[in-house]
Amino acid sequence: MEKPLNNKAWFLVLPVFVLVAFSALLPLMTVVNYAFQDTFGNNQFFWAGTDWFEKLLHSDRFGEALIRQVLFSGLILAIEVPLGIAVALCMPRKGLWVPVCLVLMALPLLIPWNVVGTIWQIFGRVDIGLLGHVLYSLGIDYNYTQDPLSAWITVVVMDVWHWTSLVALLCYAGLQSIPDAFYQAARIDGASRWSVFRHIQLPKMDRVLLIAVLLRFMDSFMIYTEPFVVTGGGPGNSTTFLSIDLVKLAIGQFDLGPAAAMSLIYFLIILLMSWVFYTVMTKQDEQDQNRKTGGGE
Amino acid sequence: MARIDLVDLAHSYMSNPASRADYALKEMTLSWEDGGAYALLGPSGCGKTTLLNIMSGLLVPSQGRVLFDGRDMTQIITEDRNIAQVFQFPVIYDTMTVRQNLEFPLRNRGVPEAEIKTRVAEIAESLHMTAELDHKARGLTADAKQKISLGRGLVRQDTAAILFDEPLTVIDPHLKWVLRRQLKDLHRRYDFTMVYVTHDQTEALTFADKVVVMYDGEVVQVGTPEELFERPAHTFVGYFIGSPGMNVLPCRVEGSTAHVGGQALDLGRGYAPPAAGAKVELGVRPEFLGLAADGQGCPVTIQAMEDVGRYKIARVTLEGHPMAVVAPESARFDGDRARLSIDPGRINLYVNDHLVEGSL
């Protein structure tokens, strides 16, 4: 079907374009400006070309932060997506417990990020924190301020605690949209529990899973506040993710040029990865679209 | 294929049903003959789907038994019942191809590979879907999807019965006829017991050997389309089947005469006096009434004439009671006065909505 063309619509969205240009595009262009120049303050700029980019891409510091970041996002997706699906499958489909579950699940999502960080910072402390002290008393060597592994576990578990609900709620919405007839037909066909999950529930969740994966990837890749509050990027540099590193570079060292270059690369990585996720996960749909011959649903 | 008996069956969705009104399905005893084509007809919410789900084992009835060829299956779970069901909205496994969809029930039951191959090929052939076997099922049209759901039932050799729950709801009207035709052919070929739920009387009447009419949780009549038309056992059947439905008029009966207001109508048969306080009504189909400008018959007032093409429907009032009369296409009336003639043999008498038999 041809979509009707109406050029008047452009005038109506023009104000938004202007607004976005001022609020997003101009600051971004400033960053681009910094990325290709060198400055010592007092408004003197020297052309630096792609120097900053080359230096950054060859620096160990950036490479290590990037590896940490990829590892962190990978872990987050590997834990939160299956866990979220499992939680959604365990939630009641109807009845009195549905609203109770929904509210309980939504609670972590409503807590401000720095508060989440503070909660876990205190929770994990060996001297006064419930978790930290209990583990310490049990003789487990847990100390997130000194041991990198403890710090990583704390940061990952905190994110799982904070964001698994989002994945679970999205999946739950997907599951709720499956008509009863599908489950009844599966029973008639003698399908096992696994078959029901594999052939009915998972396919019906693929759209919401795409959204869940994208959101969790982007968010975890940009994570700053919570690990900053809990570990400050330490011990050493062990939990210094890209955003923490970027802030250190830009505000701590005031290296505006390299920081701008890093911002751009950081931004492009997120854009690229999101595009890859999206393309891979919607590839199936496109194939179906191309083959589809008749009306269908 | 099997004969299915429902014995003293009743179902309530409440845990402690107190009164009759609490039952979604009132007590009934009903048989579905082996290889029969049945339509289960009734308005929405009359308990059709409940009855279907009890037969397929998705619901365990509050009371009564379900017998397959005499074997008590009441407590047997769906998987072991050898029932197939086609639902209102096409249920297909999106990620699978058509072939995998058809194979699915067989694979779940551990049928040998060679047999799966031959069965699927045979069923695809009779569904005219051999060409689409390797297509992804999700891209198909609604009618093709519905055929696959049916195919998943047919593919199992041991299927006792196939239940259809308003399967043509989402199909385009012009395809409905095609699909119904194919379904009839398949029924003839495989000779399965078929129970077809619908609220569309045309679908029920053209399709089934026997029609089971349900109303408010009760089976009010089981009969051939002809019986339903000529001798509705319940005023609801008369009203529900036929277009327009049967005329039902409150009356008073004395022997073989019915009094509607001031008019006396000959019933042709004698009736025992009904119990005091009972609701007595006579029912007569619009097709069995004659309308003339003058002559014999009860005086009626014409309210409107509707031309439906091949014939006309006259909306008249007899002693203030509205009635519909089928009149020939050529019928013309000057003014609103006319005479109504009624064939006595065609009048049915209802006491408290149920048909009563008279004696000659």
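Here are some exercises with worked solutions on a predicted model of two chains, A and B.

**Exercise 1. Describe the overall build of chain A.**

Let's start with the secondary structure. Chain A has twelve helices and two strands. Next, put these elements in sequence order: the pattern reads α-β-β-α-α-α-α-α-α-α-α-α-α-α. For the dimensions, take the C-alpha atoms along the principal axes; they fill a box of roughly 75 × 70 × 35 Å.

Now turn to the contacts within the chain. Among those in chain A with a separation of 6 or more, 67% join residues 24 or more positions apart. Finish with the surface: 40% of the 297 residues of chain A count as buried. The accessible surface of chain A is about 17,300 Å², and carbon and sulfur atoms hold 70% of that.

**Exercise 2. Work out how chain B and chain A share their interface.**

Begin with the residues in contact: chain B gives 29 and chain A gives 26. Then look at the area. About 2,300 Å² is buried between the two chains, with 54% of it on carbon and sulfur atoms. Which residues of chain B lose the most area to chain A? They are B:Leu58, B:Tyr93 and B:Arg138, which together make up 22% of what the chain B side buries.

The next step is to list the pairings. Seven residue pairs are in polar contact between chain B and chain A, both partners at pLDDT 80 or more. Which elements of chain B each supply at least two residues of the side that touches chain A? The answer is β6 (83–86), α2 (98–108) and α4 (142–154). Sorted by class, that side of chain B holds 13 nonpolar, eight polar and eight charged residues.

Last, count the salt bridges across this interface: there are three. A pair worth finding in your viewer is A:Asp189 with B:Arg152, whose side chains form a salt bridge at 2.7 Å, N to O.

**Exercise 3. Explain what the salt bridge of B:Arg3 and B:Glu33 connects.**

A general point comes first: side chains of opposite charge can pair when their charged atoms come close. In this pair, the closest N and O atoms of B:Arg3 and B:Glu33 are 3.1 Å apart. Now place both partners. B:Arg3 sits in the segment before β1 (4–11) of chain B, while B:Glu33 sits in the loop between β2 (25–32) and β3 (37–41), so the salt bridge ties together parts that are 30 residues apart in sequence.

Are the partners buried or exposed? B:Arg3 is partly exposed, at 28% relative accessible area. B:Glu33 is partly exposed too, at 41%.

**Exercise 4. Trace the salt bridges of B:Arg107.**

One partner is B:Glu103, whose side chain meets that of B:Arg107 at 3.1 Å, N to O. Both residues lie in helix α2 of chain B, four residues apart, or about one turn of the helix. Another partner is B:Glu113, again with a salt bridge to B:Arg107 of 3.1 Å, N to O.

Then check the accessibility of each residue. B:Glu103 counts as buried, because its relative accessibility is 10% and the cut-off is under 20%. B:Arg107 is partly exposed at 39%, and B:Glu113 is partly exposed at 45%.

**Exercise 5. Find a salt-bridge network in chain A.**

Start from the whole structure, where a search finds 28 salt bridges over all chains. Which residues of chain A are linked in a network? They are A:Glu80, A:Asp159, A:Arg216 and A:Asp219.

Conventions:
Residues are numbered from 1 along each chain as its sequence is written. Chains are lettered from A and ligands numbered from 1 in the order in which they are written. Side-chain values use heavy atoms; hydrogens and water are left out. Contact means heavy atoms within 4.5 Å. Buried area is the accessible area (1.4 Å probe) that two parts lose on being put together, summed over both. A salt bridge is a side-chain nitrogen of Lys or Arg within 4 Å of a carboxyl oxygen of Asp or Glu. A polar contact is a pair of N or O atoms within 3.5 Å; within protein, one must be able to donate a hydrogen and the other to accept it, and residues adjacent in sequence count only if both atoms are side-chain atoms. Ala, Val, Leu, Ile, Met, Phe, Trp, Tyr, Cys and Pro count as nonpolar, Asp, Glu, Lys and Arg as charged, and the others, Gly among them, as polar. Buried means under 20% relative accessible area, exposed over 50%, partly exposed in between (1.4 Å probe, protein chains only). Accessible areas come from the Shrake-Rupley method with a 1.4 Å probe; for residues, only the protein chains shown count as cover.
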